[in-house]
Each structure stands twice: as C-alpha cells, then as structure tokens.
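Hello,

Here is the structure I promised to pass on. Please open it first, then read my notes beside it.

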Amino acid sequence: MASRQTVVFLVAVVISLSDFIHSFQPLLSPDGNSTTHREITLRAVLKKTAEVCRDMAASEGRNFRLTIDDSLSTDKVQRACSTTGTSTSLFSTVLFQTSIANMYFSNAKVDVVFALSEKHHFDDETFQGGRDVITAGVAAVKASVKQESFVAGRWNLGQVCHTLQDFYSHSNWVELGNKSPYSTLISPDQPLENLAGLSVPTCRNCTGGTCENNLLPDLLQQGLLTSGYFNIFSPAKPTGKCSHGGSFDRTSRKDPVGGISKDDLGSSHGSLHPKAADLAVNATMELLEDVRLAVGDKNFLRLMGLSQSSVLCFVIDTTGSMSDDIAEAKRVSFAIIDSKRGTQQEPSAYILVPFNDPGFGPVTMTTNADFFKDSINKLSASGGGDIPELCLSGLQLALTAAPPSSEIFVFTDAPAKDAHLKSTITAIIESTKSVVTFMLTDVLTSRRRRRNTQRVSPRKMTQLDAQLYRDLARASGGQAIEVTKSDLTLATSIIEDSLANAVVTVFQVVRNPGRPDNYTFIVDGSLRNLTAYITGASSLTFDLTSPTGVSQSSSQSSGPLGTITTAGNLRRLSLNTDNQTGSWEISVNSKNPYSVKVISQSSVNFIYNLVEAHERAHGDFSLKEGRPLSGGNASLMISVTGSDKVKVTEVNLFDSSGPTEVDGSLQSVGSGNFLVTFIGVPAGEFLVRMKGEDGSSTSRSTAASFQRQASTQIKTSSISVTAQASNTNIEPGSTISVPFTVSSTTNGVVNDSATGMFTVRANNDRSYTSTSPSSITIASGDGGTANGTVTLTAPASAASGTDVTLTIEAENAAATDINYAVLRFSVVAKVTDITRPVCQRVSSSSNCPSSSSLCASSQWTFIANLTDGINGTGIESITIRKGNGTLNTSTVAEAGGADVTVATYSASCCSQNVELAAVDNVGNVGKCAGQATQTTVATTLTAITAITAAVNTTSTGGHTLSISHCLWISVVVSLLWK
C-alpha cells in the first residue's frame, strides 16, 4: 500500500493531530483557546523587542509610545521602534514577521527531529539533560550573533525556546505554587536543587476521571521537582512516578495512571495550562534578556529581524574588463548611502561579495556605511584569463549571508564557470525567497561566441550564456538586465527603486516563448510610487491603459500616464497614478521572450512558508525545505502584514508563462492569517497571487480592492527529498552525518512500485569537505524510496558561530525533474566556561543631599572589580544597563594570573541607581547594581589591592575619571550581585 505524505504551504498552521503531541501545541491550537509554542514565542519576542526599543529610546531622549502587553502585534512594535518617520509612514514588517516565523518553525521542528528525546522536552525527570540542551543552544545563539549569522542564530533560538517552554508544561513547577520562572535553567553555574530522586514516588492514581490531585502531598510539601514520564512504545516507568499523560503515552496506563501535563486545556492538568503558558512566556523573555545583554541592543534587534529598511547587497565580477561596471557599482552605492543616511530608507546592512576566477569572496557584511564604501573602493578590475568566472559561487555566498527576502544585484559581463551550481542556487533562492537581479553588460546578440583573427575568444557572453542568468532571475522574481557598459548608469535606477521602503510586488509575469498578450493588475489606494519594468527584445512594443481609459504607448517617452526610460533590454515606466485606483491593463506585443513586473510601496503585503505534516508522537507541522509534490493537495496560509482590516477574497497559484491557474478555497483563522486549500496542484511553475479588500481605505469603493504577488517561483516535483540531522551544531574539526531519503511520487503520494536512478549532488556554501553518493537507485521492492548519507566536516580553524548551508539535491535520470533539501548548521566550539563574571565592591561613600531639589549639584561614584576567574575566557565588555552616568574601565593583572577589570561609575545624585552588565568572551553575563544613599558619612567597604600597571582604559557616557582620582571620591553604595 502506498504511504501518504501531506504537503502544506503556510506561515501558521492548523493542527489536526492533537492526540499525537505531548508538548504545548506547536503552532495553532485545535480548540482555539489553548496557547501554543508559536504564541508563547511570539508574545515573548514582541514584548522583549518592545522593551529593548523603549530602553533605547529613553537613553537617546526619544519618546516611546506603546503599551507593552499581550495585545502587541508585529506592526505595532515595528512602528513604535522606528527612529524616523511618522504614524502615516510606510513600514514593511515582512523581515520581522519572517524572522519570528523562522523561530517558531524551528521551535516546532524539535517535535519532529527530537520527538522521542527526553531531554529536549524535560520528560522523565531529565532536568540536567534539559538544562544542558538549553546551555548549549544559548551558547550557539550568542556565537552566531557574534559572527552576524543571524539566520542560524534564530534557528538555534527557536529550538532552545521549545525545550525551555516545555519545562513549565511537563514539570510540576506550576503545581508547586511558583509564580516566576525557574531562572536556574538558564544559569548553568547554579545548582539544580530539590529534585525528586529516582526512588522517590511522585504520583498516585487519578480518580473519578480527573487528575487534578494526583501529585503526592509529601512531594508538594517538600517542594520537590518532578516531571512526567512518556513513552509511545512501552508502559515501563520507575515505581510510583508520574506520567506525562494522554492517549499516546503508554506509561500513563500503568500505576500510577494518568498524567500531569499542562500542554492544553484538555490535558491531565489542563486547568493549569494558562498559568504554565504565562510562565513559559516570562521564561522565554528572561532567556531573551540574557541574549540581549550578551550581544547588545542593536545586534539583538537584528537577531529579532527588526529592520526599517532593506540591505544593499552587491555581487561583483572583478576581472579585467569590469572597470566600468565596478565604477558604476561604486557610484550608485555611494549615491544611495549619501542620500539615505539618517533617513528611514538608509540600508539596514551592506553586503559585498567579489568574484573572479579562480577565487570568490570573502563576504563583507557590515552596518557601517563608511566601511562598506571603503570595501567597495578597494575593488579593482584585473586578470580574467579564460572567459567564464565563478559567478554562482559568489552569489551562493550572498544568498546565505543576506537576510531572507533580500534583493541581490549581480554585476558581470562573463558566463558562469560554475554553471553546475544552477540547481543549488535555485534551491537556496526558493528557500530564502530572495530576489536576484543580474546587471549583464555587453551580451552578444548571437547565440554563439565568435573568435577574432588571432583565434582568441573576446570577453563576451552569448545569448546561451545569458540564459542561465535569466532562468535564475525568473526563479527569484528578479530580472536579467542586458545593457552596454556605456548605458549601465541608466539601468541602475532599479537598484534605488528596490531600496525604497516597503516595496511590494503588485504583478509579475514571464513569457517564454513570447506571445502577444494583455495583462491586468489592480492599483489600490495604499500604493505609492508605482513603477513597471518590461524586459525584452528591442522590437517589443506595449500599450498601458488606466482605469479611466487613458492610454500611453511605448513610443511615448513622456505621456499622460508616466515617463518611460530605456536602457538595453529594460523599459522602466514611472507611473503617474494620480489616485487612479482600479484595474490597469498592459498590452504587450512580442513573439520573443519578455517579462513584466509592477512594483510599488505599501505597508500591506504577505508572507508564506512551505510546511509538511508529521503523524508522529509530537505531531503537527514543520517547515519543509523543498518543493511540493506534483499532483498532490496543498494548503497555503497567507499572513497579511500592514493592516488589521484586510479581507483576503482570492488566492491562487498561477503559471506566469502559461494558462494554468489553480484557485484555492479560503478560511480565515484570525490575526491576519488565512488558510487556503488547493486540490491537485499540477506539475508546473507557479507564483502565489492574493487579492482582497482593505477596509481601511478611504477612497471610493473600487479603491478598496487590492492585489499582491509573491516574487519567488514555486515549482512542483515528483521527487521527494527529505533529510534530517541529529544536531544543527557542529564542533570545529568534527564531522556530522546527514541521512537522506529520495522517493518517487505520483499525485502527491509515494509510488511504492517505482524504480529508477537519481543523480545526487551535495553542496555547501563554505566549501567545507563533504562526501555524498554521486547517485542513488530505487530498486524493485524498495517501496519507492532509497536512502543515502551525506557527511560534512567543519575545519578545525572555523570560527565559532560560523553558519554553513548544505543543499542536497536529487535529479531524475532524464534530467527533467529535481528536488532538494536545504539544511543550515552552526559551527560552535564546545563551551567549557559556564561561569558568569564576578563582581566585587572596592569602595563606597556618599555625597548626595537628602533633598531632590539639590541633586544636580552633587555626584556619587562607585568602584567595582570584575573578573572572569583564572579559568574563564575573560571579560569582553562592561556596559551600563541602568543609570545616566559615566563608566570608565581599566584592566589590570592580579598576582594569581587572572585579569581584573576595574569599573568606575560616576553620576549625578539625580540618578541614584546603576546596573552594570559584564559579558565574557563566550557570552556569560553577570550583573551588579549599586544605589546611592542620602548621607554624608564616608564608608570604605573593601580595600582595593595595590595596582602597579593598568591597561585598556575605556570610558562611556561622559568624561573620563582616572582610577586614582576615583578612589578618593566618597560615596555610599548598596551593591547587589545578581
């Protein structure tokens, strides 16, 4: 019998397998009332992000107008956190929502990859094992952020949050009457106390159909900590121990029967589910605060995906003939930087990847515009040798370094020497949903390259060479712009267009082969700065017609509907919509291949993700890397951004190059999420198109309609590729094995009688050593599937926190169908330093008047010694978390060999509290707080050791105070070590 695999597209999913889950529901609650891992993570991220923005605003003297409570949304937080703009400014929350989605999808993935791992769920009283999971995961997050590997950091963070959140659902922490999180779980240097031993009975049988009182009174009176045992195969458990509970837990049928889980309202202790969920939210916020202190506020917001603008990302060919192209890349990037610096549209980050042959990279990624200027200024055109260059290798680095949904621009005049990476690049494009636009100069009009009289190939790419770039541009929703070097300046306006705030795709279509056709798109009242791009042969003509019937032809460079500029194969139309909302039409006349793309600016947009269902112990859905199966049913959950008054009326999958269109049936599931179901998606290449009505529109009735389109192509496949690694972290110098399965499917289900050979390719963006079979064969009797293993070795020299993306592809023998799995790993060195920096007071006194009206005329100071110990990794930074004073630090060496950082804080008596955070080199955070008192009596608490040499003196927040001077200032301070 064929086994069935259900594939679904969504951002948030409806759960149908609640009996299989023994944790908080991962994504959506079937009863609509229970709290899920997704909601817990979302609430915690929004609250903590808002708190960070509030604190940053206070320190900068800005207003912050947002009530931080459970009613927060991504739109509210994004707008409140903006440092520029007004309440009516355009904002895009796509990156923020996508980043949060990545965290809760990785959270849900724990129920798949680690379904039966006790320590990942705090089952079976594995408290030490669970904390070890959290400790290792948090270390990986901090290491990733240090390397600016934010995508990998989010993935690790989501997984850590799952384990932490499960503690409150699976243990008796709530039943013990605790009102605050168990902070020891994120403090590995603190002992786990009051644990019920293996021989200590913890539960009695549930009676009368209820389990509310099945925890033993002695256990509660002694305050002992326990968790439920869980097993789907065996009822065995230690005598007298509690079970998790639920129909899938076989241990719950053995005395003592029942369970103690609080996963949802229908669980054994379901009445305590709301309290467990609230504690899980607070615990997640506590963990996020620890990460925040370790990485700093700005990097924390980047980790959360909070960004007001796009990144500027260039991939540039640096071989000899590219001087003009490099000069233009410099010109346009400098113009963008200089014009947008300090504005809402200033790029959030800058990424540069050079390539030639035989080299490519490294990746330069920075938030410092001047550093980016310096980096691109250093590029020079030289060498080249043979014509093809390593373009796709450079592009691969950019795709994996840039945030999801980025726009990447590639400058080259040469064919790709690494064309074998085409399927890998396509897979990463589909996975990241980034848009790639190629700026191709001096492409030959013929399909073959001519040789000159000296029989030396000129450095030109043919139409056949350029087709590779066109295919990749089409897959991503980008464009392949072909111009002469002298006209390149006219084409780079598209780069500035893409960096405008809140850019949305209204309509896009590609015709290959070309044919004359008419296309319509809807312009709504929220759209600003409408721009259309048409690429194609020079013989292409078009006509544009507005909703009122006004027309303009391609021969009119300036007409009633806008202005048209031409550069090579690109026509750019800057439209004057003048509130002409409604249905517009473009009629294109060409028999050659062409593309049409209409973009604009609007806060209203949408995101989606491909997921797959898992019928197993922890059930539910998880993110699927790969293509949906041809002929199978599919579901799409649209999450709308930018408005809470949007009503989605139509979602379809349409083939942009043909007549195929699949309409979906819609179901609203609340909070801007819409579940769309498609029946029998045929083989093909599709784009997601959404239409609806915006209730916030104030224009006439036709203006309420809107249309948006996803840029990234969705291609179906009859091949299924699944791969799961037992760990997402790799130690430097070690090798990880990744088992994978290839299946042949028919109409969305595995064809158990299928046979065939498939070519296998495994590539990674770091060029790490990797092994894989070159092919895999499904033989008769294999049930339509075959298995293989890929290995990946991280070099011993790899920096901790480096991310690596592994792509595993399987292609059929006819080379007509391909599918893939994309996996992301973090290289993380094993952390042996788990001890927080230690704070010791040096001296204290007071000079603050008792009257607050006189505070401005007086100062108070406190001095503390901070150390990470002889075996520690050393203190990396000390920052002021609370207080408006000046911090000076000096590093000295103690006789025992440990470095001591002397922190001297001075402030006005109007600011009488201070909290310092000390972070060591692996991210352990220690805090010490001081408070001035209203007294004039000087007191010395601790004598400072004589210091003969001080180094690394730094100052923040004001003027510098020397150590010798500070020692004579009198202050009384109450110091609290946290």
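**Helix α10 and its surroundings**

In helix α10 (residues 369–377), the buried residues are Ala369, Phe372, Lys373, Ser375 and Ile376. Their arc around the axis is only 165 degrees, so they sit on the same side of α10. What do they pack against? The partners are β2 (312–317), α9 (323–340), β3 (350–355) and β4 (364–366). Look at the start of α10 too. There, a side-chain oxygen of asparagine 368 comes to within 2.9 Å of the backbone nitrogen of aspartate 370.

Please keep in mind that this is a predicted model.

**Strand β2**

One of those partners, β2, deserves its own look. Six of its six residues are buried, so β2 is largely enclosed by the rest of the structure. In a regular strand, side chains alternate between the two faces of the sheet. Which residues of β2 lie on each side? Leu312, Phe314 and Ile316 are on one side, and Cys313, Val315 and Asp317 are on the other. Both faces are covered. β2 runs parallel to β3, and six bridges join them. Within this pair, isoleucine 316 stands opposite proline 354 of β3.

**The whole chain**

Now step back. The protein chain has 978 residues, and 57% of them count as buried. Its secondary structure comes to 16 helices and 47 strands. Take the contacts in the chain with a separation of 6 or more: 73% of them are between residues 24 or more positions apart.

**The cores**

The largest nonpolar core has 66 residues. Which of them touch the most other members? They are Ile134, Leu157, Phe167, Tyr168, Leu185, Leu287 and Met304. Several elements give two or more residues to this core: α1 (37–59), α2 (74–81), α3 (94–113), α4 (127–146), α5 (150–170), α7 (273–295), α8 (297–304) and β44 (913–920). The largest share comes from α7, with 13 residues.

Take isoleucine 134 as an example. Leaving aside neighbours within four places in sequence, isoleucine 134 is in contact with Phe122, Val160, Thr163, Leu164, Leu185, Ile186 and Leu287. Another core lies apart from this one. That core has 32 residues, including Val311, Cys313, Ala402 and Leu421.

**A buried lysine**

Find lysine 241 in the loop between α6 (217–222) and α7. Is lysine 241 buried or exposed? Its relative accessible area is 0%, so lysine 241 is buried. Its side chain makes a polar contact with the side chain of glutamate 125, at 3.0 Å. Not counting residues up to four places away in sequence, lysine 241 touches Glu125, Ala196, Gly197, Leu198, Val200, Thr202, Cys203, Tyr229 and Pro256.

**An exposed proline**

Proline 513 is in the loop between β8 (503–511) and β9 (517–523). Why does proline 513 count as exposed? Its relative accessibility is 62%, and the cut-off for exposed is over 50%. Proline 513 and glycine 658 are 145 residues apart in sequence. In space, they are 9.8 Å apart, C-alpha to C-alpha.

**Helix α13**

Helix α13 (residues 463–476) offers a simple length check. At 1.5 Å a residue, its 14 residues should span 20 Å. The end C-alpha atoms are 20 Å apart, which agrees. The helix is also mostly covered, with ten of its 14 residues buried. Among them are Leu468, Tyr469 and Leu472. Glycine 477 follows α13, and its phi is positive, near 90 degrees.

**Strand pairs**

Two more places are worth a visit.

- An open sheet of five strands has the order β30-β38-β37-β33-β35, with mixed pairing. Its edge strands are β30 (729–730) and β35 (775–778), each pairing on one side only. Strand β33 (residues 756–764) and β35 run antiparallel, joined by four bridges. Here methionine 757 has threonine 777 of β35 as its bridge partner.
- Strand β25 (residues 673–678) is mostly covered, with five of its six residues buried. Strand β21 (residues 634–641) and β25 run antiparallel, joined by six bridges. The bridge partner of isoleucine 638 is phenylalanine 674 in β25.

Best wishes

Technical notes
Residues are numbered from 1 along each chain as its sequence is written. This is a predicted model: local features need pLDDT of at least 70, side-chain atom pairs count only at pLDDT 80 or more; totals for chains, interfaces and linings use all residues. Side-chain values use heavy atoms; hydrogens and water are left out. A nonpolar core is a set of buried Ala, Val, Leu, Ile, Met, Phe, Trp, Tyr and Cys residues joined through side-chain atoms within 4.5 Å. Buried means under 20% relative accessible area, exposed over 50%, partly exposed in between (1.4 Å probe, protein chains only). Contact means heavy atoms within 4.5 Å. Two strands pair if DSSP finds at least two bridges between them. The arc is that of the directions from the helix axis to the C-beta atoms. A polar contact is a pair of N or O atoms within 3.5 Å; within protein, one must be able to donate a hydrogen and the other to accept it, and residues adjacent in sequence count only if both atoms are side-chain atoms. The expected span of a helix is 1.5 Å times one less than its number of residues.
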